[in-house]
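Trainee: Could you zoom in on one buried spot in this structure and walk me outward from there? I'd like to see how it ties in with the helices and the empty space in the fold.

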Amino acid sequence: MRNCHLTALHMSLRSLQFRPRFRGSNRLLLWSNKMRLHRVRRGMVAAAGVTCMAVALLTGCGSDGGSGGGVTKLTFAASTLGDPGRGPLLTKWLEEFNKSQSKVQVSAAAVPYPTFGQTILTQMGSGKGPDLIRFDMPEFESASDAGLIAPLNDLIDVSKYDLLKQPDQFMVHDGQRHGIIFEASNYAMFYNADLIPKPPTSYQEFFDTAKSLTKGDTYGLAFRQTEAEEAGVWQDIFNYVYGFGGAWSDGQKLTINSPANLKGLQAFKDLYDAKVIPRGADAATFRRMFAEGKVGMELNNGGYVTATRGQNADLKFNVAPIPFPVRKQGAILAPLVINEASPAKEAAATFIRWALEPNNQVKLQEILGASSVATVTKRSPEQLQKTPFLTVFDDLTESSLPQIVQGFEAKTPDIRKIVVQNVVAALQGTVDLKTALDRAQQQASQLVG
């Protein structure tokens, strides 16, 4: 194991290789489109090295599970703790847990979203890190494949809970449960109802609406388009690839440069070339612009509802399905896991069991907004009256897919990096899109062997 060293005058960069863990025979999964898929665990998983400056965003450089005065203290890391709308509410939710307990206490550790996965994986690979982590799926798959996540089979009896079957299937690998859904959030089209009385129902209408709204300091659309927001760009282009009938793989081999993928990503590039987005603006900036009425549309997940209202409670916005040719879109599946390196796994399981209690699930869902949680819940009449479009998100569950590469799940972060680098190069005009996808196909195929 390698340790993280940080001094006031010196930071060392380290790359980390995780130890592979063989999972046995391939696992059949039922995706929302009812296709039978094979999971193929491949090779070694590498987490990109990050500076210890990023690692130091967490409390210390190690697992904080420990006891003091008979109380076990845990850390819980989640990028959502940094959300302006949801972060403070999640912190209060954690405080409710602390008030209900006498022997276990949980403190929040926020890490910025763009560096969250790399930061946490590097710490876990060093045998340290937070006790509880809310992961996104690509990093969850990498950590699981590398044996960095504690199996939950003996810690939590899931038969006691009415778990959502569709997203929950991705929490289990070869009979071993590695996570519990913290959030399941489908992607849809957010639009400013003052600027757009009737939402577009086709890509051409979507394009034309974005173009007509772009004038002065107002833009018709916004999405991420820089390498600095690699994970976010991947989430954004996922909707264009699958929404135009494409896929990153067929389950056995990569299909990055397929004609359908090219068509979807060309649609993405056409919008970029039309200058209907605030180029160079990061997500935090253009989401603030949306809240201020300076952006007309954005493709985002259900968790964005609470964040938007947190920025501007008076904004009149609505939600509709993404108007692309194929009704298939990404979903943020965010597992809650226990660090294998944590010295307080039972205490961490106490928190997960508390989180799965019906009342706490309902409270969590209300905090997350239009997302679902681990268990089946019923939205209240008050919620539906306040947010009628909640049903739009709920109706998309069966056609939503986690943003991973089928058959190469544990390699998704590495494939993502290659794809995003090449797509961004095409956006910036240094290479044509077809050549960029051909190059990404070649590089990613060499990576996975």
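**Starting from I256**

Mentor: Leaving aside residues up to four places away in sequence, I256 is in contact with W248, N261, I415, V419, L437, A440, Q441 and A444. Bear in mind that this is a predicted model. I256 sits in the loop that joins helix 7 to helix 8, and helix 8 itself covers residues 259-273. Buried or exposed, then, for I256? Its relative accessibility is 0%, and the cut-off for buried is under 20%, so I256 counts as buried. Back along the chain, G246 is 10 residues from I256, and their C-alpha atoms are 8.7 Å apart.

For scale, the protein chain has 449 residues, 58% of which count as buried. They are arranged with 16 helices and 16 strands. Among contacts with a separation of 6 or more, 77% link residues 24 or more positions apart. The contact of I256 with A444 is one that spans such a stretch.

Now follow two of those partners, I415 and V419. Both numbers fall inside helix 15, residues 412-427. Helix 15 also packs against helix 4, residues 137-145, with the axes 8 Å apart and an angle of about 135 degrees. An angle of that size is neither in the 65 to 115 range nor over 145, so helix 4 and helix 15 are oblique to each other. On the helix 4 side the contact is made by P138, E139 and S142, and on the helix 15 side by T412, P413 and R416. By class, that contact has two nonpolar, two polar and two charged residues.

Next, go back to helix 7, where the loop holding I256 begins. Helix 7 (230-243) leads us to some enclosed space. Rolling a probe the size of a water molecule over the atoms shows where empty space is left. Over the whole structure, the search turns up four cavities of 30 Å³ or more. The second largest of them holds about 70 Å³. Its lining is made of L221, A222, F223, R224, D236, Y240, F286, R287, E298, L299 and N300. Helix 7, helix 9 (283-291) and strand 13 (295-301) each give two or more residues to that lining, and strand 13 gives the most, with three. In terms of chemistry, you get six nonpolar, one polar and four charged residues there.

Helix 9 deserves a pause. Its buried residues are A283, F286, M289, F290 and A291. The cover over them includes strand 11, strand 12, strand 13, helix 10 and strand 14. Just after helix 9, G293 has a positive phi of about 80 degrees.

Last stop, the largest pocket, at about 630 Å³. It has 31 lining residues, with D83, Y113, R224, A283 and R287 nearest its centre. R224 and R287 are names you have just met in the lining of the second largest cavity, while A283 was among the buried residues of helix 9. Helix 7, helix 9 and strand 13 turn up again, since the elements giving two or more residues to the pocket lining are helix 3, strand 11, helix 7, helix 9, strand 13 and helix 10. The class split for the pocket lining is 12 nonpolar, nine polar and 10 charged.

Note on methods: Residues are numbered from 1 along each chain as its sequence is written. This is a predicted model: local features need pLDDT of at least 70, side-chain atom pairs count only at pLDDT 80 or more; totals for chains, interfaces and linings use all residues. Side-chain values use heavy atoms; hydrogens and water are left out. Axes are lines fitted to C-alpha atoms, for helices over the stretch in contact, and angles run from 0 to 180 degrees between N-to-C directions. Helices (H or I, at least four residues) and strands (E, at least two) are DSSP runs, numbered from the N terminus. Angles under 35 degrees count as roughly parallel, over 145 as roughly antiparallel, 65 to 115 as roughly perpendicular and the rest as oblique. Contact means heavy atoms within 4.5 Å. Ala, Val, Leu, Ile, Met, Phe, Trp, Tyr, Cys and Pro count as nonpolar, Asp, Glu, Lys and Arg as charged, and the others, Gly among them, as polar. On a 1 Å grid over the protein atoms alone, a cavity is a set of points where a 1.4 Å probe fits but cannot get out, and a pocket is an open set with protein on both sides within 12 Å along at least five of seven lines; lining residues have an atom within 4 Å of a point. Grid points are joined across faces, edges and corners, and a volume is the space filled by probe spheres set on the points. Buried means under 20% relative accessible area, exposed over 50%, partly exposed in between (1.4 Å probe, protein chains only).
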